[in-house]
Amino acid sequence: MTDETFRRDAPDQAVDGPHDVPPDPSYGGPAPTDAARVDADPTAPTSTEPPTAPAAVPLIAPREGTPRPVATAEELAEVVARMSAGTGPVAVDAERASGYRYTQRAYLVQLRRAGAGTVLLDPLPLQDLHTLDDALADSEWVLHAASQDLACLAEIGMRPRLLFDTELAARLAGFERVGLAALTESLLGYSLEKHHSAADWSTRPLPESWLTYAALDVELLTDLRDLLAAELERQGKAAWAAEEFAALVAGADRPPRVRPDPWRRTSGIHRVRGARAQSRVRALWYARDTVAARKDSAPGRVLPDSAIIAAAELDPKDERTLLTLPGFGGRSVRRLARIWLDALDEARSLPDDALPVNQPVEGPPPPHRWAERDPVAAARLARCRQVVIGTAEAHTLPPENLISPDFIRRLAWAPPDEITPVSVAETLRGFGARPWQIALIVDRVAAVLPDPAAA
């Protein structure tokens with residue numbers, strides 16, 4: 001059994017109260033019918049015929065029009081007053097420039113709340129949004145795929161105290177497609193365009209079409225929250241979701257984990273043989289990272305991984321040879337040729353005792369190596385996975401949301417000396433598993449952990 005059997009497909013590419021009102025013409029058509037909503041009555045008869053969903057209505061403009069980004073302290077003060085006077089949850093989203101910039105900072109923040117409407121904030125001139133954060137301290141924040149945005153929001157002083165994540169809620173409720181556009185279409189009957197999701201949001205000024213796209217991302221978010229909350233309640237999963245949301249809040253401003261030897265994640269490094277060649281990858285990786293940080297540019301735009309691998313394999317010693325390699329032909333890369341050659345010279349001059357060595361890996365080895373290293377542990381892992389998969393299916397959950405695959409691997413590789421439900425629960429709790437997760441699997445996992453041959 002591979003890790004792939006322990007995962008569900010990744011999510012699709014990651015308002016102010018019910019919209020059961022005559023639609024604004026900008027919404028492009030009639031309001032969605034009740035058939036597009038979650039059926040909250042589990043006793044209602046079901047048809048054997050496949051349901052025919054009404055065509056989704058394109059959502060092409062925000063209800064009150066596309067707002068201008070707030071960019072001054074005076075405008076921010078007015079927004080703080082509006083949001084303070086609003087009611088109910090506040091929909092929140094942020095746009096970054098992943099793939100374009102070195103950092104993961106927010107370049108646009110979107111908010112919507114009943115009684116306050118939609119607001120777009122430009123955090124570049126504002127710098128600090130603590131006053132807005134204070135105004136929303138007692139409000140529930142609604143985000144989609146919150147783990148993607150919480151860090152960049154915390155960086156500008158915005159941290160939720162109470163959270164509802166619509167993507168995570170949809171996963172817990174058993175939806176197969178949990179992207180924002182898919183959920184908005186299936187539950188609310190409106191279709192969202194997602195063609196600006198990978199745009200360079202550091203662009204200034206931001207095009208009007210991009211601002212409209214950003215505003216629409218929060219237009220129906222609290223509507224979606226209400227439907228998903230009702231569905232979780234109907235399925236008896238509301239308390240599970242509350243634990244998951246609280247865990248996200250607790251880690252909202254936690255610094256990202258620093259990976260040891262990040263250069264080892266260079267795409268294609270498996271082709272590079274020998275410590276000396278790996279030292280060239282390392283030297284080029286750190287040289288590129290320094291340039292990328294200085295230019296605030298995504299590292300792959302400074303020098304692609306494929307170019308690093310090519311240079312590490314061939315070890316060019318002059319500019320003419322370097323520039324013939326794949327990935328070194330661009331003008332901006334050629335201008336930095338001396339930096340790349342200096343990095344290669346540095347790697348070439350290293351004594352043998354300074355070359356990269358494989359560091360001991362914390363935790364269990366990759367599962368595909370278990371069978372040869374410890375067949376008993378491999379069999380133990382297979383039994384535990386079957387428990388997780390079966391339990392997840394019984395509760396219509398993705399296995400990875402029922403319990404982290406890493407927790408199960410670590411438990412199977414080094415189970416407690418005395419295997420009991422109590423000791424297994426303590427072990428999983430130490431890894432970070434939530435109480436609801438432990439309660440669902442602990443008895444069955446404790447039962448299958450011991451080796452049957454030793455019984």
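**Exercise 1. Which residue in strand 6 does leucine 143 stand opposite?**

Solution. Keep in mind that this model is predicted.

- Step 1: Find the two strands; strand 5 covers residues 140-143 and strand 6 covers residues 162-165.
- Step 2: Look at how they pair: strands 5 and 6 are joined in the parallel sense over four bridges.
- Step 3: Read across from leucine 143, and you arrive at aspartate 165 in strand 6.
- Step 4: Now trace the connection. Helix 4 (residues 150-155) joins with strand 5 and strand 6 in a β-α-β unit, and this unit is right-handed.

**Exercise 2. Follow the pairing of strand 2 to its partners, strand 3 and strand 5.**

Solution.

- Step 1: Begin with strand 3 (residues 108-114), which pairs with strand 2 (residues 87-95) over seven bridges in the antiparallel sense.
- Step 2: Pick out a facing pair here: alanine 91 is opposite arginine 112 of strand 3.
- Step 3: Turn to strand 5, which runs parallel to strand 2 and is joined to it by two bridges.
- Step 4: For a bridge partner on this side, take valine 90, which is matched with tryptophan 141 in strand 5.

**Exercise 3. Is strand 4 buried or exposed?**

Solution.

- Step 1: Recall the cut-off: a residue is buried when its relative accessible area is under 20%.
- Step 2: Apply this to strand 4 (residues 117-121): five of its five residues are buried, so the strand is largely enclosed by the rest of the structure.
- Step 3: Check its neighbour. Strand 3 and strand 4 run antiparallel and share five bridges, and arginine 112 faces threonine 118 in strand 4.
- Step 4: Inspect the turn. Two residues lie between strand 3 and strand 4 in this hairpin, and glycine 115 in the turn has a positive phi of about 85°.
- Step 5: For the wider setting, buried residues account for 45% of the 455 residues in the chain.

**Exercise 4. Which helix gives the most to the lining of the largest cavity?**

Solution.

- Step 1: Start with the volume of the largest cavity, about 40 Å³.
- Step 2: Name some of its lining residues, among them Leu180, Thr184, Asp217 and Glu219.
- Step 3: Sort the contributors: helix 6 (180-188) and helix 7 (208-219) are the elements that give two or more residues to this lining.
- Step 4: Helix 7 comes out with the most, giving four residues.
- Step 5: Finish with the chemistry: the lining has six nonpolar residues, two charged and one polar.

Conventions. Residues numbered from 1 in each chain as written. Predicted model: local features only at pLDDT ≥ 70, side-chain atom pairs only at ≥ 80, totals over all residues. Heavy atoms only, no water. Buried < 20%, exposed > 50% of the residue type's maximum accessible area, 1.4 Å probe, protein only. Pairing = 2+ DSSP bridges. Right-handed = clockwise from strand over helix to strand, strands pointing away. 1 Å grid on protein atoms, 1.4 Å probe; cavity = no way out; pocket = protein on both sides within 12 Å on 5 of 7 lines; lining within 4 Å. Points joined across faces, edges and corners; volume = space filled by probe spheres on them. Nonpolar A, V, L, I, M, F, W, Y, C, P; charged D, E, K, R; others polar.
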